Amino acid sequence: MTYSHIPLKYSFGFAAMTVCAVGLTFSPPAAAQDLQPVTIRIASDVSPPPHPAAIAQEFFKERLAKVIPGSKLRIFTAGGLYNVPEAVEAMRDGNLEMTWGQFGKSAQIDPYMSIVNGPMLLNTPGAMNSLDKLETFKFLKTRMSKVHGVKIFGTAHISMYIGLGAGERLLKPADFKGKKIRSTGPAENVALKKWGANPVTMAFGDVPPALQTKVVDGLITSLGGFISVKDQAPYFTIAGINGMVGDYYWIGASEKWWNTLNKPTQTALQNLIVDEVIPFQKRINWCNDKRVLDLYQTTDPSKPGIYVMTGSQQKVLADLLGDATTDWVKKETPEDANPWVDKFVQQAKAASTANPLGSTELEKTDCSKYASWFNRFAKKKKKKKS
């Protein structure tokens, strides 16, 4: 098993770049008379901006209005309209247009979606970027279409550094014992139980009051989520890239709705989501990780902030976990899913080896190009407080 260390400093390219040069290829406009204006409701379980996934949805909203004039994107974060399993059902029935989903949470409605879950597998940025090319993802994409009538456009990144936040430092198994920890899904429940904690699954919107009233002692979340709860859970611990959780977003649409659109509109939407929104999300997620680490990282585990476990500290958790997640996924899925579970483990490890730290353009992103997005929502938040 490979154990990744998070570098304390990152090297970012600062050459003069246009927005396109950092990976956003804007979709060519179709003839206006051929496009159908659309109103899209997109449901997710992420917290509102400045969470990077929520910012990406705001980017989608702005670009949609320009790419398909007269169109609107209505954004529902933090389970405000549906949680992820409910959203899959709503799309299947034609009662929702789009979802910004998660594989782990989708497993509650389709156990096969757990196949690509698990900590310490895709443990480099390049490996995470390769997910859409893996056979296991293509299998799940086909399954979601056939079984649930959901068209998946591609995957996006949850924070590279999903970790564990609490009111005290949870670092070794003895610290976990008996603690009630908000989990992101059933696969993560397995890891938390192996480490001695009591997992509690809840939507992110319910987490801040649950922390405040001691319904839960801590939570697993991304760095974006940590920003939202750092006052209630100031001690945040990371066990390497995807060290505690290996989960990813998928962006999908109801095929019942999609099939009502004409071909030019479908093409414009497909290009917008795949060529613009998803690359934007990956880059702003990367920049948010860097920004939050720069602000809150600590090398002293006794102090509040984001602490990166040493290799030996990570190994203690890895040895305790063993193959428990993989075994659980096999137990919870039909027998014909077992080869896919093993295949993903093999493919993920191979992808991590083939894409070592520092090898991708994503890691050279000029984050100054994205500062205005963070500043925009930081100003809104300050204005709301005042």
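Student: In this predicted model, where does His-157 lie?

Tutor: His-157 sits in the loop that runs between β4 (150–156) and β5 (163–166).

Student: Is His-157 buried or exposed?

Tutor: The reading rests on relative accessible area, and a residue counts as buried under 20%. His-157 has a relative accessible area of 1%, so this residue is buried.

Student: Which residues does His-157 touch?

Tutor: When residues up to four places away in sequence are not counted, His-157 touches Pro-125, Met-128, Asn-129, Tyr-249, Gln-281, Lys-282, Asn-285 and Leu-362. With Asn-129 there is also a polar contact, in which the two side chains are joined at 3.1 Å.

Student: How should the strands of a sheet be read?

Tutor: The general idea is that strands of a sheet pair through backbone hydrogen bonds, and that this pairing is either parallel or antiparallel. In this structure, 7 strands form an open sheet with mixed pairing, in the order β7-β6-β8-β5-β9-β12-β11. The edges are occupied by β7 (198–201) and β11 (297–298); each has a single partner strand, so one side of each has no neighbour in the sheet.

Student: In which sense do β9 and β12 pair, and over how many bridges?

Tutor: Strand β9 (residues 235–238) pairs with strand β12 (residues 305–308) in the parallel sense, over 4 bridges. As an example at residue level, Thr-237 has Tyr-307 in β12 as its bridge partner.

Student: How many cavities of 30 Å³ or more are there, and which residues are closest to the centre of the largest cavity?

Tutor: There are 2 cavities of 30 Å³ or more. The largest cavity holds about 150 Å³ of space. It is lined by 15 residues, of which Gln-102, Arg-182, Thr-221, Ser-222 and Tyr-249 are the closest to its centre. Tyr-249 is also one of the residues that His-157 touches.

Student: How do the lining residues of the largest cavity divide by character?

Tutor: The lining of the largest cavity comprises 5 nonpolar, 7 polar and 3 charged residues.

Student: What should be noted about the backbone, beginning with the peptide bond from Pro-49 to Pro-50?

Tutor: That peptide bond, from Pro-49 to Pro-50, is cis, with omega near 20°. Pro-50 belongs to the loop between β1 (39–44) and α1 (52–67).

Student: Which residues other than glycine have a positive phi?

Tutor: Among them are Ala-78, with phi near 55°, and Lys-214, with phi near 65°. Both are loop residues: Ala-78 is in the loop between β2 (72–76) and α2 (84–92), and Lys-214 is in the loop between α8 (207–212) and β8 (218–221).

Student: Why is Ala-78 classed as partly exposed, and why does Lys-214 count as exposed?

Tutor: The classes depend on two cut-offs: exposed means over 50% relative accessible area, and partly exposed lies between 20% and that value. Ala-78 is partly exposed because its relative accessible area is 26%. Lys-214 counts as exposed because its relative accessibility is 58%.

Student: What are the surroundings of Ile-75 in strand β2?

Tutor: Ile-75 is found in strand β2 and is partly exposed, with a relative accessible area of 23%. Not counting residues up to four places away in sequence, Ile-75 touches Ile-42, Gln-57, Glu-58 and Lys-61. The C-alpha atoms of Ile-75 and Ala-54 are separated by 8.6 Å, and these two residues are 21 residues apart along the chain.

Note on methods: Residues numbered from 1 in each chain as written. Predicted model: local features only at pLDDT ≥ 70, side-chain atom pairs only at ≥ 80, totals over all residues. Heavy atoms only, no water. Helix = DSSP H or I, 4+ residues; strand = E, 2+ residues; numbered from the N terminus. Buried < 20%, exposed > 50% of the residue type's maximum accessible area, 1.4 Å probe, protein only. Polar contact = N/O pair within 3.5 Å; in protein donor to acceptor, adjacent residues only side chain to side chain. Contact = heavy atoms within 4.5 Å. Pairing = 2+ DSSP bridges. 1 Å grid on protein atoms, 1.4 Å probe; cavity = no way out; pocket = protein on both sides within 12 Å on 5 of 7 lines; lining within 4 Å. Points joined across faces, edges and corners; volume = space filled by probe spheres on them. Nonpolar A, V, L, I, M, F, W, Y, C, P; charged D, E, K, R; others polar.
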